Amino acid sequence: DDGRFYPQIDSTNSEAKRFAEDHPGQSALFVAEEQTAGRGRLGRQWMSEQGTGLYLSLLIRPEIEPSRASLVTQVAAVATAEAVEAVTGLEAQIKWPNDLIVDGKKVCGILAELSAEMTAVNYLVVGIGINVNQSDLPGEIQDKASSLRRLTGRKIDRQTLLRAVVERFGHYLGALQDDALLERMHQVYRLKSATLGKEVRLLGKADRTARVLDITKEGELLVIYPNGERERIHFGEVSV
Ligand code: BTN
């Protein structure tokens with residue numbers, strides 16, 4: 001597929017969406033050295049200083065129903081976790097829905113954006129931001145986030161990591177048409193989950209605590225509250 005590189009851009013996700021609207025039917029990869037308006041989930045910003053992190057977006061046009069779109073973010077999380085592990089030797093965990101955690105600290109976030117009709121996805125943009133070679137992170141996120149360089153003590157080649165992410169993403173995306181591969185992908189997701197089986201706080205739910213019973217193939221969190229009530233959670237954030 002088509003790879004597009006930018007020394008500087010507002011956001012690779014925004015660029016991918018603009019491109020998608022102007023180029024029906026096309027898929028592409030967008031990578032930037034620096035983002036001036038990098039976006040995170042839940043309206044947050046994503047620190048994207050020049051030359052340290054990896055900032056990429058994949059524009060894909062899977063022939064799936066909108067309800068299966070979160071599967072693609074699971075694919076991205078699993079692919080990125082394996083790529084990080086292969087390139088750095090670190091062990092990566094996935095915090096629901098799709099943050100990558102190493103040694104309890106966030107090193108990667110994923111922002112998926114969807115354009116869909118009732119029954120069909122038009123396009124999906126999967127944005128992946130990895131803290132690679134930052135030697136310091138801003139004070140306000142120091143205790144929650146880290147970089148691969150800080151965790152390994154060495155500089156990581158971003159090109160190698162990029163190739164590993166894209167290669168594994170392509171592989172696991174086959175899960176959309178292959179039930180056996182879907183099963184394997186889901187197994188890897190569960191195995192690497194930092195959330196499954198844990199007591200968590202559900203942000204935005206008056207900070208209720210609950211235990212995570214399962215993470216479904218549709219990417220929902222199945223939780224049980226102390227009073228025995230169960231709930232399926234489609235969207236949001238948890239803290240352990
Ligand atoms: C999150 O954890 O909140 C998700 C962060 C996603 C950041 C990436 S960097 C590349 C792509 N472009 C963006 O503007 N955001 C995503």
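Start by selecting strand S7 (121–130): 9 of its 10 residues are buried, so S7 is largely enclosed by the rest of the structure. Buried here means under 20% relative accessible area. The model on screen is a predicted one.

**Neighbours of S7**

Keep S7 selected and add strand S3 (54–60). S3 and S7 pair in the antiparallel sense, over 7 bridges. To see one of the paired positions, pick Leu56, whose bridge partner in S7 is Ile128.

Next, add strand S6 (105–116). S6 and S7 run antiparallel and are joined by 9 bridges. Pick Leu111 and look across to S7, where Gly127 stands opposite. Then follow the chain from S6 into S7: the two are connected by a hairpin of 4 residues. Strands of a sheet pair through backbone hydrogen bonds, so showing the backbone atoms helps at this stop.

**The nonpolar core**

Ile128, already picked as the partner of Leu56, is also among the residues with the most contacts inside the largest nonpolar core. Select it together with Val72, Ile130, Leu161, Phe169, Leu202 and Leu221, which are the others in that group. The core has 60 residues. Its largest share, 12 residues, comes from helix H2, which spans 69–88. Colour domain 1 (2–191) and domain 2 (199–239) separately: both give residues to this core, so the core lies between them.

**The sheet of five strands**

Now select S8, S9, S10, S11 and S12. Together they form an open sheet with the order S11-S10-S9-S8-S12 and antiparallel pairing. The edge strands are S11 (230–233) and S12, each of which pairs on one side only.

Within this sheet, zoom in on S8 (residues 199–202) and S9 (residues 208–215), an antiparallel pair with 4 bridges. Arg201 has Thr209 in S9 as its bridge partner.

**The largest pocket**

Which residues lie nearest the centre of the largest pocket? Select Arg44, Trp46, Asp99, Lys106 and Ala145 to find them. The whole lining has 42 residues, and the space in this pocket is about 1000 Å³.

Several elements supply at least two lining residues each, including helix H1 (12–22), strand S4 (93–95), strand S5 (99–102) and strand S12 (238–239). S3, S6 and S7, seen at the opening stops, do so as well. The largest share, 4 residues, comes from S6. Colour the lining by class and there are 15 nonpolar, 15 polar and 12 charged residues. Domain 1 and domain 2 both contribute to the lining, so this pocket lies between them.

**The second largest pocket**

For the last stop, move to the second largest pocket, which holds about 470 Å³ of space. Select Ser70, Thr73, Asn98, His234 and Phe235, the closest to its centre of the 22 residues that line it.

Where does the largest share of this lining come from? S6 gives that share, with 5 residues. H2 and S6 each supply at least two residues of the lining. By class, the lining has 12 nonpolar, 6 polar and 4 charged residues. With the domain colours still on, both domain 1 and domain 2 can be found in the lining, so the second largest pocket lies between them.

Technical notes:
Residues are numbered from 1 along each chain as its sequence is written. This is a predicted model: local features need pLDDT of at least 70, side-chain atom pairs count only at pLDDT 80 or more; totals for chains, interfaces and linings use all residues. Side-chain values use heavy atoms; hydrogens and water are left out. On a 1 Å grid over the protein atoms alone, a cavity is a set of points where a 1.4 Å probe fits but cannot get out, and a pocket is an open set with protein on both sides within 12 Å along at least five of seven lines; lining residues have an atom within 4 Å of a point. Grid points are joined across faces, edges and corners, and a volume is the space filled by probe spheres set on the points. Ala, Val, Leu, Ile, Met, Phe, Trp, Tyr, Cys and Pro count as nonpolar, Asp, Glu, Lys and Arg as charged, and the others, Gly among them, as polar. Domain bounds come from an automatic or database domain assignment. Two strands pair if DSSP finds at least two bridges between them. A nonpolar core is a set of buried Ala, Val, Leu, Ile, Met, Phe, Trp, Tyr and Cys residues joined through side-chain atoms within 4.5 Å. Buried means under 20% relative accessible area, exposed over 50%, partly exposed in between (1.4 Å probe, protein chains only).
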